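Hello,

Here is the structure I promised to pass on to you. Please have a look at it first, and then read my notes below.

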Amino acid sequence: MSAPGVLSFTQQGWEQVLAKVKRALVYLDAACAESLHWGCGSTRLLEAVGGPECHLREFEPAAVGGGAKQPKAVFVLSCLLKGRTVETLRDIICRSHFQYCVVVTAVNHAVHLTANHVPAAAAAELEGQQPVFEQLEEKLCEWMGNMNYTAEVLHAPLLLAPVAPHLALTPAFASLFPLLPQDVHLLNSARPDKRRLGSLSEVDATALTPELFLQIRCLVSGLSSLCEHFGVREECFAVGSLSRIIAADLANYAPAKNRRKTATGRASVVFVDRTLDLTGATGHHGDNLVEKIISVLPQLPGHTNDVMVNMVELTALQNEEKSQSMVAPGCLAQPKDAAAKALWEALLSTKHKEAVMEVRRHLVEAASRENLPIKMSMGRVTPGQLLSYIHLFKNNLKALVSHCGLLQLGLATVQTLKHPQTAKWDNFLAFERLLLQSIGESTMSVVLNQLLPMMKPLNQRTDNDYSPEELLILLIYIYSVGGEFTVDKDLGEAEEKVKKALAQVFCEESELSPLLQKITGCDSSIKLTFHKSKIAVDELFTSLRDIAGARNLMKQFKSVYVPGNHTHQASYKPLLRQVVEEIFNPEKPDPVDIEHMSSGLTDLLKTGFSMFMKVSRPHPSDHPLLILFVVGGVTVSEAKMIKDLVPSLKPGTQVIVLSTRLLKPFNIPELLFATDRLHPDLGF
């Protein structure tokens, strides 16, 4: 068997589920469906269920129950078994004819004890027992209507959606995003005056809302299971305030402490706050095809990391809008198709131009193997050329089925290259480069004034102009890359002009997008007055100021901006690159901003003694495995950069990038202006 990795961890968790699903009706929530989608594929689950009918259903209050000929149900859930989740379970079971129910949760029993306010000392005495699960088993029998029926409740670690061997995501935590200074004011509103927090640096686990703390503990529970699968004793490090809380919780998580006593391997887990560098997430400098695909194609319903690929080209239907809704969409995840998977991993690891050529090569080779009448053409790859190769498979069912995964990736490429938003990508890139030069040569007020002519209301915009959402992306880019700045009269005036122009743009939209509805608090453009719009924009600029000051607490990673000189233009240096270079700095100094989280008295004594004696503190480069977890999302380009950079700095070190989600520029305003950051919906 190959070395443990994110794929084997995910598949092992799903094997526990698959062992239970034979001839069952299976209910999945969205996050577990996404883990299955990337890790095994839904066909693997259908094979395990058996039978001619499709027995998969979405877990939701309105879900259809089981009929008289469906006595068995398996519920696969990413969340705590509490509150609304349990009510939904009860409602589905009560309107069904089940005699055998299995509930699988991705959250282990120890976290259920925490959620039910069981003190740590009492929880320690319950080792090996699972009273919360046992109580629910009794309830399941009660709801089925017979205490002699069979009920099982168990935990399986279904944390990850493995996108590639070096990259995995956590769909259940897609909304988790680092805190901003304005969140400190909200936390203070629930605290007495004497215990008010001065800044983000003072926020610890006890200061968080109960929901956010439990969300973090659920994540920590999954990460501890991952470290157990790897067989490692991990050292935890953090860059940023929310990362510090997560790292400290993993370091001191009781089940993890017990596990570490017998672990033989070693690893460093470094958590990094996304808010310290939003430039990389909103910028368009990532020369990667996959990044463009996920940015321009529509999102696959219920998913956070995959897209819909229009498959009508492979049918006899006309490529019209109504035809698209008749044909099931394709997608990027192809876990069961080795050839498509190889192409996908190549696309993640190459630049745009090479990736497009790689798609052509795979299509040509597949067509040749099937003896299809291919006409070879060299030179530049065009969408029309790729489409002509794809059409060869259209009337050959055997070839189409054999290469279905490859054809989905080929069509995703064609649709991206032809998409009008792809042409706009270069416009964004040109303007971002201009901004980088301006930031070095001018004040922030001059930079904002450059943006002013681009703020056009709907009736003055052409396809090449920026939409309100795109203007927000540019503003976030400006404030993140610029960092801390001096507030003066000129800046105040420039900001006021931009605010008024932006408020006017919002007001004149014919329809408000979901993001603008969230920002303005209005569900229709008719209700949005200039006064309401201006209030919303003022709050928005508070967030932008927070972004500019996000690195204020850093001593070493204070800037992502590299000024230009006589030989080089000004440029952006990603914070993640700076973190990785510091981890593997050959001089191995004590990290300044990469904070080690102690897991108990021994670590504290080491840290204390190191002030007087030569005791080496834990360092993130000490171990052969580095797990870098970006809290708040990561881009494809960033994951590739880390994967390429680590072996060049320290050959032999294995690196795995984990994050809450794959990011595209439009995600950042959604996450940044979310109203439920402190109160995530945990299903209860």
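**Cysteines**

A search of the whole structure, which is a predicted model, turns up zero disulfides. Take C101: the closest cysteine sulfur belongs to C141 and is 8.4 Å away, too far for a bond. Seen from the other side, C141 is in no disulfide either, and the nearest cysteine sulfur is that of C101. A disulfide would need the two sulfur atoms to be within 2.5 Å. Both cysteines are out of reach of the surface by the numbers: C101 is buried, with a relative accessible area of 0%, and C141 is buried at 7%.

**Domains and a hairpin**

The chain is divided into four parts by the assignment: domain 1 covers 6–158, domain 2 covers 162–276 + 574–674, domain 3 covers 298–418 and domain 4 covers 428–549. You will notice that domain 2 is written as two stretches of the chain. Between the C-alpha centres of domain 1 and domain 4 there are 46 Å.

There is also a hairpin to look at, made of β6 and β7 with two residues between them. Strand β6 (residues 161–164) and strand β7 (residues 167–169) run antiparallel and are joined by three bridges. P162 has its bridge partner in β7, namely A168.

**Salt bridges**

I expect this part will interest you: the structure holds 27 salt bridges. One of them joins the side chains of E234 and R260, at 2.9 Å from N to O. This pair links distant parts of the chain, with E234 in strand β8 (residues 232–239) and R260 in helix α11 (residues 254–260), 26 residues apart. Both E234 and R260 are buried.

The neighbour of E234 in the sequence, E235, has a partner too: its side chain meets that of R266 in a salt bridge of 3.2 Å, N to O. R266 lies in strand β9 (residues 265–273) and E235 in strand β8, so this pair ties together parts that are 31 residues apart in sequence. Here the two ends differ in their surroundings: R266 counts as partly exposed at 26% relative accessibility, whereas E235 counts as buried at 10%.

A third pair is E495 and R545, whose side chains meet at 2.5 Å, N to O. Since E495 belongs to helix α23 (residues 489–507) and R545 to helix α25 (residues 530–548), the salt bridge ties together parts that are 50 residues apart in sequence. E495 counts as buried, at 4% relative accessibility, while R545 counts as partly exposed, at 33%. Beyond these pairs, E496, K499, K534 and D538 are linked in a network of salt bridges.

**Nonpolar cores**

In soluble globular proteins, nonpolar side chains tend to be buried together. What does that look like here? The largest nonpolar core has 129 residues, and L475 and L502 touch the most other members. Helix α22 (residues 468–482) gives the most to this core, with nine residues. Leaving out residues up to four places away in sequence, L475 touches L448, L451, M455, V498, L502, F541 and L544. A second, separate core has 52 residues, among them V111, A115, L160 and A251.

Happy browsing, and best wishes!

Notes: Residues are numbered from 1 along each chain as its sequence is written. This is a predicted model: local features need pLDDT of at least 70, side-chain atom pairs count only at pLDDT 80 or more; totals for chains, interfaces and linings use all residues. Side-chain values use heavy atoms; hydrogens and water are left out. Domain bounds come from an automatic or database domain assignment. Two strands pair if DSSP finds at least two bridges between them. Helices (H or I, at least four residues) and strands (E, at least two) are DSSP runs, numbered from the N terminus. A salt bridge is a side-chain nitrogen of Lys or Arg within 4 Å of a carboxyl oxygen of Asp or Glu. Buried means under 20% relative accessible area, exposed over 50%, partly exposed in between (1.4 Å probe, protein chains only). A nonpolar core is a set of buried Ala, Val, Leu, Ile, Met, Phe, Trp, Tyr and Cys residues joined through side-chain atoms within 4.5 Å. Contact means heavy atoms within 4.5 Å.
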